Amino acid sequence: MTFKRRAMIAGAALLLATGPATAQQPNSSARIAEILASPDRSAADRTNDQRRKPAEMLGFIAIVPGITALDLSAGGGYTTELLARSIGPGGAVYGQSRPPRDPSQPAPRPAAPEGNANPTAAPVAAPATPPAPPRPSPVALADRSEKMKAAGVAAAPITALSRPFEDPVLADGRLDLVTLMFNYHDLGFLGVDRAKMNAAAFKALKSGGFYVIADHAGRPGTGISESGTLHRIEEGFLRKEVEAAGFKFVAEGTFLRNPNDPRDKNTPDPPQPKDEFVLKFVKP
């Protein structure tokens with residue numbers, strides 16, 4: 001089945017799920033191109049576009065304007081802002097981040113050894129000047145929302161949530177879409193209860209709502225064991241965990257795949273794009 005055909009099927013399913021209040025077609029490729037070409041988008045986001053392929057991602061998700069979406073592990077808000085622009089003022093977007101870690105407590109460590117694909121490699125020297133810490137996610141999301149408002153962008157309002165991922169604190173059956181971009185693997189060494197998180201996402205979604213997850217592909221048999229070293233996760237392992245919550249697999253986006261990546265290093269050698277997968281699940 002072609003990518004375009006999968007996107008059309010997914011969009012039709014979402015249309016049925018959301019009912020008359022959002023009885024629209026998913027954004028067309030022309031509309032997506034218009035969103036991405038908006039002159040007020042930041043230079044940093046445009047640079048990120050080269051790696052993230054947002055036209056293909058938004059087409060794969062098949063966003064219907066007016067829906068309610070949650071971006072889990074929103075971080076700096078790259079995906080959150082794209083959702084807000086795509087959904088428009090008739091809908092709503094939530095960007096969730098974990099509460100800040102207590103600096104008096106030690107950083108989380110994996111519960112089990114993670115393995116090392118190249119144990120003889122020389123350690124990478126730390127930079128002479130450590131990079132500045134990123135802005136807290138709620139601050140970044142508020143800044144993005146204000147800039148879109150100032151530019152007159154017809155975007156959905158963004159609400160920042162600072163809560164454990166296991167608790168999205170949204171009413172049952174309220175969401176049409178949940179996204180989790182390139183951070184599911186991190187949950188392996190952050191101590192997140194993934195089963196509880198997936199169950200919470202399932203509960204918060206409407207019947208017919210979608211859960212879209214993208215991540216860096218690990219080798220077969222590695223599970224989530226290399227989450228803190230290679231920052232990868234085995235695709236089949238992730239899919240099994242999500243389906244255990246009750247989700248049904250809908251489609252895979254192949255636009256970020258790289259078969260030349262051996263998947264045995266954090267940064268492929270020679271330098272090349274990481275092999276990445278994008279999976280879409282639906283709540284029956």
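**Cavity, helices and a loop proline in a predicted model**

Q: How much space lies in the largest cavity?
A: This is a predicted model. The structure holds one cavity of 30 Å³ or more. The space in the largest cavity is about 90 Å³.

Q: Which elements give two or more residues to the lining of the largest cavity?
A: The lining includes Pro-54, Met-57, Leu-58 and Ile-61. It also includes Tyr-78, Thr-79, Leu-82 and Leu-83. Two elements give two or more residues: helix H4 (54–61) and helix H5 (78–87).

Q: How do the residues of the lining of the largest cavity divide into nonpolar, polar and charged?
A: Arg-52 is in the lining, and Arg counts as charged. Thr-79 is there too, and Thr counts as polar. Others, including Met-57, Leu-58 and Met-181, belong to the lining and are of nonpolar types. The division is eight nonpolar, one polar and one charged.

Q: How many residues of H5 are buried?
A: Buried means under 20% relative accessible area. The buried residues of H5 include Glu-81 and Arg-85, along with Leu-82, Leu-83 and Ile-87. H5 is mostly covered, and its buried count is 10 of 10.

Q: Which residue with positive phi follows H5?
A: Ile-87 is among the buried residues of H5. The residue that follows H5 has a phi near 80 degrees, and it is Gly-88.

Q: Why do the buried residues of H8 line one face of the helix?
A: The buried residues of helix H8 (194–204) are Arg-194, Met-197, Asn-198, Ala-200, Ala-201 and Ala-204. Looking down the axis of H8, these residues line one face because they fall within an arc of 155 degrees. On the other side, Ala-195 and Lys-196 are exposed. The arc asked about is 155 degrees.

Q: What covers the buried residues of H8?
A: Met-197 and Ala-201 are among the residues to be covered. The cover includes both strands and helices: strand S1 (68–72), strand S4 (175–181), strand S5 (205–216), helix H7 (187–190) and helix H9 (235–244).

Q: Which residue caps the N-terminal end of H8?
A: The contact reaches the backbone nitrogen of Ala-195. A side-chain oxygen lies 3.3 Å away from that nitrogen. The oxygen belongs to the capping residue, Asp-193.

Q: Is Pro-99 buried, partly exposed or exposed?
A: Pro-99 sits in the loop between strand S2 (92–97) and helix H6 (137–150). Its relative accessibility is 39%. Buried needs under 20% and exposed over 50%. Pro-99 therefore counts as partly exposed.

Q: Which residues is Pro-99 in contact with, leaving aside its neighbours within four places in sequence?
A: The C-alpha atoms of Pro-99 and Ser-137 are 9.5 Å apart, with the two positions 38 residues apart along the chain. The contacts of Pro-99 are with Ser-162, Arg-163 and Pro-164.

Terms used. Residues are numbered from 1 along each chain as its sequence is written. This is a predicted model: local features need pLDDT of at least 70, side-chain atom pairs count only at pLDDT 80 or more; totals for chains, interfaces and linings use all residues. Side-chain values use heavy atoms; hydrogens and water are left out. Buried means under 20% relative accessible area, exposed over 50%, partly exposed in between (1.4 Å probe, protein chains only). Helices (H or I, at least four residues) and strands (E, at least two) are DSSP runs, numbered from the N terminus. The arc is that of the directions from the helix axis to the C-beta atoms. Contact means heavy atoms within 4.5 Å. A polar contact is a pair of N or O atoms within 3.5 Å; within protein, one must be able to donate a hydrogen and the other to accept it, and residues adjacent in sequence count only if both atoms are side-chain atoms. On a 1 Å grid over the protein atoms alone, a cavity is a set of points where a 1.4 Å probe fits but cannot get out, and a pocket is an open set with protein on both sides within 12 Å along at least five of seven lines; lining residues have an atom within 4 Å of a point. Grid points are joined across faces, edges and corners, and a volume is the space filled by probe spheres set on the points.
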